[in-house]
Structure formats: structure tokens, C-alpha cells
Amino acid sequence: MDAILSVRQVTERLRQAVESRFPYVWVQGEVTNLSRPSSGHVYFSLKEDDCLLNCVWFKRQQKDETFDPLTGEVWEDGPRPSLARVMENGQTLICAGRLTVYGARGQYQMVVELAQTAGLGLWHQEFEALKRKLAAEGLFDQARKRPLPREPRRVAVITAPNGAAIRDFIRISSTRGLGAEIRVYPTPVQGEDAPPRIVDALKRAGDDAWAEVIALIRGGGSVQDLWAFNDERVARAVYRCPIPVLTGIGHEIDHSITDFTADYAAATPSHAAQILWQERSVLEQRIDGLEIALRNASLRRQDTLALRLEHVSRALALLSPLARLRHQRETLNALTGRLRAALERRIERDFRAVERLSDAMREKNARLESRSAELERLALRLAGAGEARLRRANADVERAQAALPPLGRLVGLAQESALTRLELRLQALDPFEPLRRGYAMACDERGDILRSVAQTSPGRSVSVLLADGRILADVTGVEPSRPDDKNAST
Amino acid sequence: MKKKEPTFEERLARLQAIVTALEAGDSPLEESVALYKEGLAHAAACREQLEKARHDIRLCTETGTEPFDAGAQEEDE
């Protein structure tokens, strides 16, 4: 939940709220609880009835030094004790400063930067009244403000000739500008007769019409010291002046009526000098910068032209016959080089291939050798085995031969008896055998045996074979047998 | 003091214009060189002007002006 704040957060927010709302205030009240510890800071409260405002006046804000620590300017009237040293309880003061929150104590307080006794409060009211009046008349109108000349050569300075203001102004301007004439209009800038004398000086400078700008300057001081610049006559003289007026009045707090009226209000005499002229070193730097730019631009211009020239001459050189010859020679060289390289590459490749092949061959040889060795071994084994086998076979043969004659005799006997039997059977089958038993066999002229009557015819000759010879006869007739006496004819 | 001589500001403005012209880079070589020389001269003159620049401080009196020395009149009040 972001609604819950830490103590630091709420304090910080409070501080921001207070400081932004009251950056600078004037507060009037009665001094009470005054304390001056050894630190040099002064603590007190401003009281009104039952209200109390805690105040702290830090040592560095208590200006009783000879120099303004901020601007380095010398006080017009020498060192003076700050009110912080001399104030007392019960005194009524008008304090100027800012409100802030003191986180460590959880309280808000005023950081006093300036204090006046209450008598001056009246002056303040006068000041405000005059300011309103002149503003209403248009003396402060922005539209009326004239621009200051730049780097003026003729400057009128209205100030006290023996004051710190003119010294500061001259010191600061010595390193600035291009050499101007500065005319000092000696004028008291403090006291009763200061306002009319300032008015006179302004009128004189205006009448002289010599200056381009008038600087009205005075060093820092108290409100009373600077009161001449809140004088209505001075303001009106500035307003009337035909030459632009630049003020440089060393206020601590607010602008004076004269500042409001001036064409430009610088914070101090030194500041006025700074407004009028630029630092010479800055001008030098500007010249340096321009000169460098000039050189660079010129060099670039030359470079551009030189580059163009070079382009053209190079193009020309490229087109010359000598260049073409050179170019062709280069091409030739390049080609030769490539050729050689290609050749070398090729040889290298072939060489490598040969190597690869011979490697393979060597490998194969080795394999072959091992294989033939094995073969020899096998042949040896084979030879041995063959002889043994032969011997065994011979032995077998001899053994078998030994067994064969008796076997043959045995077989011969058996065959003899079978032969006899076969002869007997053969004899039985002998066609002449039946002739002995009375049968006859007829043959024709060619000797072919007649098996049918149809094989011969009357007139032809037949021979009839008998067991002991043959009979030659002629056929006189043929009678085929009848089917019923078939048996009789066979 | 007020001769035909250009002022510091005029020289500075001219120098700036020359730089711009050269940076545009379309002027012929001779003109570029001339511009460059002119620019350098302006820069040198400006620098010399700065070197020599001193304020002349004078005190206005009833009759006219006289040299003013702030240090001499210090704190005689």
C-alpha cells in the first residue's frame, strides 16, 4: 500500500512542500529564546502572541566580513558587525529567509539570511508604495526596455570614483571587450545628496550624447546604504535618460526601484562589466573555431580538386599503350602462374594417385604372398596326403589282385555249369531238331521259310527241308486250309 | 579610430560568410584560394585587434576628461 509512508518519506514530502511554498519570506516578530553557541550559528525564535517561529541564522549568512563571499566585492563602508551579533531578546526584527524542515527534530524552521530592526519596516512599506506607483506609470514596462549595444566602445560609468564598485568594474572589464573608452562620471552613491547628484550625472551623460550605454553601479551594502537607488528622482532620471542604462547595484536581496526602471539590471558592478563585454578569450576561441573551419573547408576544397585531377590522370594513364602492354604482360604472367600452379596441382594429384595405387598393390602383394605361402603349405600337405593315398590304393589293389584268381576260378566253374545248361536249352531250341522228329520246313526259291500258302503259288519252286536233306519240288496247287481243319494243317 | 577599416564584428561576420562559402564547395580553385587568404587575413586582424584591445578609462571633470586611475584614488574617503 503506497498510502503508508515512512518517516523519511513524509518528512521529505513536507520539506518539499514547505520549501517550494516559502522559498523566500519576510517575517516580523519579537526575538525570544536567543542562543549563541560556540559554533557561531545563532538560534532564536520569532514570537507573536501565542505563535512561535524557530529560526536559525547560520554563521556563513552573518555578513560582517570585508568581502562579499559570493561576489568577492568589497563592502563600501568596511567591515561591520552583523545584526546576528548584536540582536537581543525582546527586540522586534524583520527577518528574510526561507522556510525549511529540520528532519532530525521534526520541526519546521526559518533559515535567516538577512535581518533588519523593525524601524526599517517602514522603509519597506515606502518602497512597496513607490514601486506600485511607478509600475502603474509604466516606468518598469518591459516593452520600454532598450537593448544594450553589443561590445560597446563608449561607456559612461556613474559611480563613486574611489569606491570598490569602479575597481571591480575595471578589473572585470580588463579581460573583456575589444578596447573601449570608459568615462567615469564621479558621483556619490550613498547619503543624503546621492540622489540629486546621480540625477545630475545621468542628465550630463545624456546631454553629452557620447556614450553608447550608461552603467550605474554601486557595491553591495545594507538596505540603508543603497536607499538612494530607491529614490523616485533617480528612477525618473533613469527613465528619462536618452541612452540605455545598465545598473549594477550589489543588493543582497531584492532589486531597487532604479533596477526595475533600468534597461537592464545586473546583480553587481562586476556583473555589469560581464554583461557589456564578452570575454576576450571567448572571442579568441570563436576566431580560432572559424579559422579552423576555414582551413578545413579550404583543404577539403583542395582535396576535392586534387582527387578529381588524380581521377583524370589515372584514367589517362590507364588508356596509354604502355599501360595496355603492361596490363597484358600482367595478364600473361597471371595466366602463366595459374598454368604452372594447375600443372603442379595436377602432378601432385597424379603422384598421390600413383602412391595410393602402389600402396594398394603392395597391400595386395602382401596378401597374395601370404595366400601363395598358404597354397604351398596346402600343396605340401596335399602331396603328402596323395602319396599316402596312392600307397594305400596300391596296397588295396594288390590286396584285391591277390583275391582275384581264386575268385575267377570260382566264377569259371559256376559259369561252366550255367553254359552247359544253356547249351542244353539251346539245343532244345534248334529248329532242325523237330526235323528229326519228322517235321519238314518249306522254303521258297530264295531260301525264305514259308509260313503261309499265300507265300507261293503254282508254278513256283519250293525246297522242303528234312532232317537228312532236302527235296526240290514244284508247286502244282495251293490249297489254303479250312478253318475247321486248321489243327490238321499245322 | 573610425576609418574605412572594418570593425571586429564586420570581420567576424565576413569570416563566417567565407567559411560557409568554402564549405559549400562549388567555387573555382582560384576563387577558393582568394577566399581562404581573405579569411586568414580577417582572422589575423581580429586576433590582433583582440591582442591590442585595452580600455581607455577617463574621469569626467568639470572641464573635460582626464586619465583615471582607480588604484590611486583608493579609499580616500
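1. Start with the helix pair that links the two chains in this predicted model. Helix 9 of chain A brings A:Arg280, A:Leu283, A:Glu284, A:Ile287, A:Leu290, A:Glu291, A:Leu294, A:Ser298, A:Arg301 and A:Leu305 up against helix 2 of chain B. On the other side, the residues they meet are B:Leu29, B:Ser32, B:Tyr36, B:Gly39, B:Leu40, B:Ala43, B:Cys46, B:Arg47 and B:Leu50. Sorted by class, this helix-to-helix contact comes out at 11 nonpolar, three polar and five charged residues.

2. Now the geometry of that pair. Helix 9 of chain A covers residues 280-319 and helix 2 of chain B covers residues 29-52; their axes sit 10 Å apart, at an angle of about 165 degrees. Angles over 145 degrees count as roughly antiparallel, so helix 9 of chain A is roughly antiparallel to helix 2 of chain B. The crossing of these two helices is left-handed.

3. Zooming out to the whole contact between the chains, 36 residues of chain B touch 32 residues of chain A. On the chain B side, the elements that supply two or more residues are helix 1 (8-24), helix 2 and strand 1 (56-60). Helix 2 of chain B is the biggest giver here, with 11 residues. By class, the chain B side splits into 17 nonpolar, eight polar and 11 charged residues.

4. Don't skip the strands, by the way. Strand 7 of chain A (residues 181-186) pairs with strand 1 of chain B through four bridges, and the two run parallel. If you want a spot to click on, look at A:Arg183, which stands opposite B:Arg58 in strand 1 of chain B.

5. Within chain A, have a look at strands 1 and 2. Strand 1 (residues 25-35) and strand 2 (residues 42-48) run antiparallel and are joined by four bridges. A:Glu30 has A:Lys47 in strand 2 of chain A as its bridge partner. These two strands of chain A make a hairpin with six residues between them, and in the turn A:Gly40 has a positive phi of about 100 degrees.

6. Strand 2 of chain A also pairs with strand 3 (residues 51-57) of chain A, in the antiparallel sense and over seven bridges. Here A:Tyr43 stands opposite A:Val56 in strand 3 of chain A. This pair is a hairpin too, with two residues between the strands. Check the turn: A:Asp49 has a positive phi of about 50 degrees.

How values were computed
Residues are numbered from 1 along each chain as its sequence is written. Chains are lettered from A and ligands numbered from 1 in the order in which they are written. This is a predicted model: local features need pLDDT of at least 70, side-chain atom pairs count only at pLDDT 80 or more; totals for chains, interfaces and linings use all residues. Axes are lines fitted to C-alpha atoms, for helices over the stretch in contact, and angles run from 0 to 180 degrees between N-to-C directions. Angles under 35 degrees count as roughly parallel, over 145 as roughly antiparallel, 65 to 115 as roughly perpendicular and the rest as oblique. A crossing is left-handed if the near helix is turned anticlockwise from the far one by less than a right angle, and right-handed if clockwise. Two residues are in contact if their C-beta atoms, placed from the backbone, lie within 7 Å. Ala, Val, Leu, Ile, Met, Phe, Trp, Tyr, Cys and Pro count as nonpolar, Asp, Glu, Lys and Arg as charged, and the others, Gly among them, as polar. Two strands pair if DSSP finds at least two bridges between them.
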